[in-house]
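Reader: I am new to this structure. Please show it, then take my questions one by one.

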Amino acid sequence: MKTLTLKNTFANKLIKALYGLAFLLTISALLQACKKDSNNRNLAYSAKEFAALYGPQAERIEINAGVSNNITLKGGTKITIPAGAFKMNGNVVTGNVVITAGEFLKRSQVLFSGTNTNHISGAPLESDGFIFLNAAVNGTNVDKQLAVNIQIALPTNNTRATQIWEGVEKVDNANQMAWQAPAQNANGAGIKRESNPVAGFYNFEMGNLGWINCDVFYSYNNPKTTTKVTVANNPGSFATFMGFTGETFVFFCAKGSNVVAQLYNTDGPNTVKSYDNMMPVGVQGKYISFSIKDGKYYYAELETTITANQQVTLTLSETSEAGIQQVITSLNNY
C-alpha cells in the first residue's frame, strides 16, 4: 500500500494517528493540496493530485467535547455531538477536539474525489449524499467507536426514505471503496438504518466515525448482467480509491439518478468489468473514463442503455484540466 506524504506538520501527525486504512486515505486526500488555488492554474500532475485538488476539501472545526455541540458544514449537513461522545483509548474526552469533515453531496464531488456509490456486493447504489467525519486531540485521533451516538441531518430534495451505510476500503483485496451496513459498536451506541426526509433533511444517528452515507439500491428489481469496458488507448493503469495508485478511472453514471458505479475489476489488458450479474439491464446512462498521467489529461464517454453481457470500448481523447472539470461538473444535471 502506498500512502500520500503530506508536507505540513499537522497533517503528518494526523496521518500517523489514523485508526483505519480508509481514514488514512481519506484525510490525506482531503488535506493534500487544499491550499492550491485553481485560479492560479496549478495543474494536477497525477490522478491522485487531481482527486486531492478538486474533490471536496476538508473543513476543520474545533469544539469542546465536554459540552453538546451543533455543527453545520458548508454544504448544509448538520451534526449534533452530545457531551462525552468521544473516547480515546477507552476514556471519555472532555477537552478540545478538532473535527475534520468532508461532504460528497453531488455526483461531481464523487467523481472528482475518485470515490463511488458501489455497494459491498458490487451492486450500484443511488446516493443521497455522504460525508466523512473524523475527530482528533492534539493530532491524535479519538476512537472510531463513539460512546454516545451523534445525530446527523443530511440535506435532501427527496421525498422517499433512504438507508444508512458506512464506507469500507480494501474490497476483495483491491484498494477500492464500497459501502456496507454499519455495525452496532462495542460501546452500545447504535444506528438508525433507515430515514425518511423531514423538512429537507434525512435525520439519523451514527455510533461510529468515518464514512457515513445515505443510499438506496438502484433499479434493484431489474434483471442483472455483467458489463465490460475496454479503454482502447489507456495511457496507464486503472486507478484505485482516490487515485492513490493508477491513472485511469472508469464509471457508469445513470441518467436522472445519482449513481456513480465504478468499474475496477480487471478483465484482461485495458479492460475492467462490473461485479458479476450486478448491473441493471435496461438502464440508460453514460460510461465515462478520465485519466491523468504525467500532467496530461484524457477523457471519453459513451451514452448507452445497458444490455445483457454488454461490452463497450472507450477511446480517450487528450483534453485539458479545465475540460475534465467541465464535463464532470455537467454530470450533476445528467
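Author: One definition comes first: buried means under 20% relative accessible area, exposed over 50%, and partly exposed in between, with a 1.4 Å probe and protein chains only. Helices (H or I, at least four residues) and strands (E, at least two) are DSSP runs, numbered from the N terminus. This is a predicted model in which local features need pLDDT of at least 70, side-chain atom pairs count only at pLDDT 80 or more, and totals for chains, interfaces and linings use all residues. Residues are numbered from 1 along each chain as its sequence is written, and side-chain values use heavy atoms, with hydrogens and water left out.

Reader: What is the mean pLDDT of the protein?

Author: pLDDT is the predictor's confidence in each residue, from 0 to 100. It stays under 50 over residues 1-29 and over residues 31-41. Still, 85% of the residues reach 70 or more, and the mean pLDDT is 87.

Reader: Which side chains of β3 are buried?

Author: In a regular strand the side chains alternate between the two faces of the sheet. β3 shows this alternation: K78 and T80 point to one face and are not buried. Pointing to the other face, and buried, are I79 and I81.

Reader: In β3, which residue is the bridge partner of I71?

Author: Two strands pair if DSSP finds at least two bridges between them. β2 and β3 (residues 78-81) pair in the antiparallel sense over 4 bridges. Their hairpin has 5 residues between the strands, and G76 takes a positive phi near 105° there. The partner of I71 in β3 is I79.

Reader: In β9, what is the bridge partner of T80?

Author: β3 also pairs with β9 (residues 145-155), antiparallel, over 3 bridges. Across that pairing, T80 has as its partner Q151.

Reader: Which are the edge strands of the open sheet?

Author: The sheet has 5 strands in the order β2-β3-β9-β14-β13, with antiparallel pairing. An edge strand here pairs on one side only. That picks out β2 (69-72) and β13 (197-198).

Reader: Which element gives the most to the largest nonpolar core?

Author: A nonpolar core is a set of buried Ala, Val, Leu, Ile, Met, Phe, Trp, Tyr and Cys residues joined through side-chain atoms within 4.5 Å. The largest has 33 residues, and F50, L111, W211, I288 and F290 touch the most other members. Elements giving two or more residues include α4 (107-113), β23 (284-293) and α3 (47-54). The most, 4 residues, come from α3.

Reader: How many residues are in the other core?

Author: This core lies apart from the largest one. Among its members are I71, L73, Y202 and F204. Its count is 28 residues.

Notes: Contact = heavy atoms within 4.5 Å.
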